[in-house]
Amino acid sequence: MQSVLRLGGLAVLLAASVAQAQTPAPAVRTEKNMSLVLANQIAAEAVAACAANGYNVAATVVDRAGTVRAVQRADNAGPHTLASSERKAWTSASAKSPTQAMMEGAQKNPAAANLVYLPGFLVLGGGVPIKSGNEVIGAVGVGGAPGGHLDEQCANAALEKVKGLL
């Protein structure tokens with residue numbers, strides 16, 4: 001009798017799961033996104049974090065679609081830092097992953113090494129997703145420190161400063 005009850009309960013759970021899986025997604029979705037004020041604050045905090053360590057960088061913040069929301073370039077930062085920060089931010093937002101982790105994965109996994117051939121991807125450290133709860137709402141990219149791991153530290157320091165706003 002107890003096994004019949006268990007099987008009956010399992011059948012009900014399976015039926016509910018199937019019904020839920022077959023329910024169409026809503027036609028209109030609601031998504032979180034960041035304001036221009038927040039994007040500018042993140043970019044400024046990233047540049048300031050690197051400046052505190054003597055690095056002249058650029059920081060770009062993109063929204064969830066990879067569209068640029070804010071850019072800041074430190075005095076004396078090289079012109080290439082603009083493009084690298086934007087590509088890192090876009091790559092991170094697109095993949096919803098830190099670019100440093102993607103780079104390390106590509107170095108260890110021959111199949112992932114092909115990521116470098118995707119148009120627009122820059123698989124170097126310095127791109128970090130921006131999350132509100134568990135939802136990726138954008139990314140920040142930093143370029144110009146002497147190493148992608150240092151760019152990533154500045155990006156993470158900026159996100160730490162604004163975490164209460166996310």
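Which helix does leucine 82 lie in? Leucine 82 lies in helix α3. The legends below describe a predicted model, and this residue appears again in Figure 4.

**Figure 1. The whole protein combines five helices and four strands.**
Follow the chain along its sequence and the pattern reads α-α-β-β-α-α-β-β-α. The protein has 166 residues, and buried residues make up 37% of them. Now take the contacts between residues at least 6 apart in sequence. Of these, 65% join residues at least 24 apart.

**Figure 2. Four strands form an open sheet.**
The strand order is β2-β1-β4-β3, and the pairing is antiparallel. The edges belong to β2 (68–73) and β3, each of which pairs on one side only. On average, neighbouring strands of this sheet are turned by 20 degrees against each other, direction ignored. β1 and β4 are antiparallel partners over six bridges. Here, alanine 58 stands opposite glycine 143 in β4.

**Figure 3. β1 and β2 form a hairpin.**
These two strands pair in the antiparallel sense over five bridges. Look for threonine 60, which stands opposite valine 71 in β2. Four residues lie between the strands of the hairpin. In this hairpin, glycine 66 takes a positive phi near 85 degrees.

**Figure 4. Helix α3 lies across the four strands β1, β2, β3 and β4.**
The helix runs at about 155 degrees to β4. Leucine 82 is part of α3. Is leucine 82 buried, partly exposed or exposed? Its relative accessible area is 35%, so leucine 82 is partly exposed. Set aside its neighbours within four places in sequence. Leucine 82 is then in contact with Ala58, Thr60, Val71 and Arg73. Two of these contacts, Thr60 and Val71, are the residues that stand opposite each other in β1 and β2. Glycine 141 is 59 residues from leucine 82 along the chain, yet their C-alpha atoms are separated by 9.5 Å.

**Figure 5. Helix α4 keeps a set of buried residues on the same side.**
α4 covers residues 99–108. Which residues of α4 are buried? They are Thr99, Gln100, Met102, Met103 and Ala106. These residues cover an arc of only 160 degrees around the axis, which means that they sit on the same side of α4. What do they pack against? The buried residues of α4 pack against α3 (80–95), β3 (127–132) and α5.

**Figure 6. The largest nonpolar core has 27 residues.**
Nonpolar side chains tend to be buried together in soluble globular proteins. In this core, the residues with the most contacts inside it are Met34, Ile42, Val61, Ile130, Val140 and Val142. At least two core residues come from each of α2, β1 (58–63), β3, β4 (135–143) and α5. Which element supplies the largest share of this core? The answer is α2, with eight residues.

**Figure 7. Valine 142 touches residues from many places along the chain, among them Ala46, Ser85 and Ala155.**
Residues up to four places away in sequence are not counted. The neighbours of valine 142 also include Val57, Ala58, Ala59, Lys88, Gly125, Gly126 and Asp151. Two further neighbours are Cys50 and Cys154, the pair shown in the next figure.

**Figure 8. Cysteine 50 and cysteine 154 form a disulfide.**
A disulfide is a covalent bond between the sulfur atoms of two cysteines. How many disulfides does the structure hold? The structure holds one. The sulfur atoms of cysteine 50 and cysteine 154 are 2.0 Å apart. Cysteine 50 lies in helix α2 (residues 36–52) and cysteine 154 in helix α5 (residues 148–162), so the bond ties together parts that are 104 residues apart in sequence. The torsion about the S-S bond is about 110 degrees, so this disulfide is right-handed. Cysteine 50 is buried, at a relative accessible area of 0%. Cysteine 154 is buried as well, at 2%.

**Figure 9. Asparagine 76 and lysine 96 have positive phi values.**
Neither residue is a glycine. Phi is near 75 degrees for asparagine 76 and near 55 degrees for lysine 96. Where is asparagine 76? Asparagine 76 sits in the loop between β2 and α3. Lysine 96 sits in the loop between α3 and α4. Asparagine 76 counts as exposed because its relative accessibility is 70%. Lysine 96 also counts as exposed, at 52%.

Technical notes:
Residues are numbered from 1 along each chain as its sequence is written. This is a predicted model: local features need pLDDT of at least 70, side-chain atom pairs count only at pLDDT 80 or more; totals for chains, interfaces and linings use all residues. Side-chain values use heavy atoms; hydrogens and water are left out. A disulfide is a pair of cysteine sulfur atoms within 2.5 Å. Buried means under 20% relative accessible area, exposed over 50%, partly exposed in between (1.4 Å probe, protein chains only). The arc is that of the directions from the helix axis to the C-beta atoms. Contact means heavy atoms within 4.5 Å. A nonpolar core is a set of buried Ala, Val, Leu, Ile, Met, Phe, Trp, Tyr and Cys residues joined through side-chain atoms within 4.5 Å. Two strands pair if DSSP finds at least two bridges between them. Axes are lines fitted to C-alpha atoms, for helices over the stretch in contact, and angles run from 0 to 180 degrees between N-to-C directions.
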